[in-house]
Amino acid sequence: MSEPTALVALRGVSYAYEDGPVVLSGLDFDVREGRALALLGRNGSGKTTLMRLLSGGLRPDDGRLTVAGTPVTYDRKGLTRLRTTVQLVVQDPDDQLFAASVAQDVSFGPLNLGLPDAEVRARVDEALTALDITALADRPTHLLSYGQRKRTAIAGAVAMRPRVLILDEPTAGLDPDGQERLLATLDGLRASGTTVVMATHDVDLALRWADDAALLTPGGVRTGAAPAMLARTDLLQQAGLRLPWGVAAAQFLRAHGLLDDASPGPRDAEALAALATAPSPAEG
């Protein structure tokens with residue numbers, strides 16, 4: 001099987017805020033099509049800067065951003081093309097919502113593309129359905145719950161039909177049911193062809209959800225398959241993160257002969273429960 005292509009990539013990118021220290025230096029970073037990618041690191045590690053560079057909100061001081069191998073230009077035409085490919089949803093939905101109603105807010109991006117009214121309506125309906133908020137279409141945004149505001153902000157990005165959707169701490173502030181519903185929604189978006197990048201501090205969520213994990217450390221970014229990367233205690237320590245419980249459980253099971261080295265460890269509670277009822281390798 002061929003390796004997934006780098007749909008969006010940063011090459012040799014450096015960035016420093018005005019009168020501030022260098023945040024990222026000589027960074028190479030790939031978002032591979034069809035892979036769920038978790039971006040993890042301590043506060044101040046550069047996660048937000050990296051996401052804004054990927055979405056065109058910031059322009060690199062050095063290096064380049066490419067989409068499908070083509071360098072991005074930062075004129076109006078180039079940025080419009082980028083934003084039909086990559087959409088960023090920030091952590092606080094109140095920083096993103098401003099229209100009077102849910103449907104009006106979700107329609108803002110497609111309207112700015114100059115699309116015909118029928119196409120705009122189709123995209124809004126599609127996005128509201130994908131986020132399971134069709135019943136909220138006419139609801140004033142200031143009357144929404146926090147979880148509903150999160151979904152509305154994501155719907156506004158989905159209405160642009162991006163190939164890459166970048167989410168900054170999308171489950172923060174949600175109760176367990178809200179988190180599960182959002183993750184199911186993200187699974188649906190992935191099934192329809194959207195590549196999803198999620199910045200999170202939750203290593204357990206990253207292990208459960210992501211195909212790949214990118215750890216931002218003082219020495220740069222390291223990316224690989226999520227189970228392997230999230231078992232790297234050296235990198236986790238550098239990134240200010242703890243060991244995921246699923247990795248710790250796998251280590252315990254292997255130490256007691258209950259899981260062989262070739263078998264994957266549990267990535268969620270259901271997988272752990274299944275292992276608990278399965279015969280041990282010695283019995284098998």
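Helix 5 (residues 146–158) and helix 6 (residues 176–191) pack at an angle of about 10°, and their axes are 12 Å apart. Here axes are lines fitted to C-alpha atoms, for helices over the stretch in contact, and angles run from 0 to 180 degrees between N-to-C directions. The two helices are therefore roughly parallel to each other, a label given to angles under 35 degrees, while those over 145 count as roughly antiparallel, 65 to 115 as roughly perpendicular and the rest as oblique.

Before going further, please keep in mind that this is a predicted model, in which local features need pLDDT of at least 70, side-chain atom pairs count only at pLDDT 80 or more, and totals for chains, interfaces and linings use all residues. Residues are numbered from 1 along each chain as its sequence is written, and side-chain values use heavy atoms, with hydrogens and water left out.

Which residues join helix 5 to helix 6? R151, I154 and V158 come from helix 5, and R181, L182, T185 and L189 come from helix 6. Contact means heavy atoms within 4.5 Å. These residues divide into four nonpolar, one polar and two charged. In this sorting, Ala, Val, Leu, Ile, Met, Phe, Trp, Tyr, Cys and Pro count as nonpolar, Asp, Glu, Lys and Arg as charged, and the others, Gly among them, as polar. Helices (H or I, at least four residues) and strands (E, at least two) are DSSP runs, numbered from the N terminus.

Now look at helix 4 (residues 117–130). Its 14 residues reach 20 Å from the first C-alpha to the last, close to the 20 Å expected at 1.5 Å a residue; the expected span is 1.5 Å times one less than the number of residues. V120, R123, V124, A127 and L128 are the buried residues of helix 4. Seen down the axis, they fall within an arc of 130°, so they line one face of the helix. The arc is that of the directions from the helix axis to the C-beta atoms. Buried means under 20% relative accessible area, exposed over 50%, and partly exposed in between (1.4 Å probe, protein chains only). The face turned away from the buried side carries the exposed residues R121 and T129. What do the buried residues of helix 4 pack against? Their partners are helix 3 (102–112) and helix 5. After helix 4 comes D132, whose phi is positive, near 60°.

Helix 2 (residues 76–83) has G78, L79 and L82 as buried residues. They cover an arc of only 95° around the axis, which puts them on the same side of helix 2. R76 and K77 are exposed on the other side. The buried residues of helix 2 pack against helix 1 (47–55), strand 4 (62–67) and strand 6 (86–89).

Three buried residues can be set side by side. The contacts in the table leave aside neighbours within four places in sequence.

| Residue | Place | Relative accessible area | Contacts |
|---|---|---|---|
| T152 | helix 5 | 0% | L97, V102, V106, I133 and L144 |
| T49 | helix 1 | 5% | Y15, Y17, V23, L24 and L58 |
| D204 | helix 7 (residues 203–209) | 19% | R242, P244 and W245 |

How far is T152 from L24? Their C-alpha atoms are separated by 31 Å, and the two residues are 128 residues apart along the chain. L24 is one of the contacts of T49.
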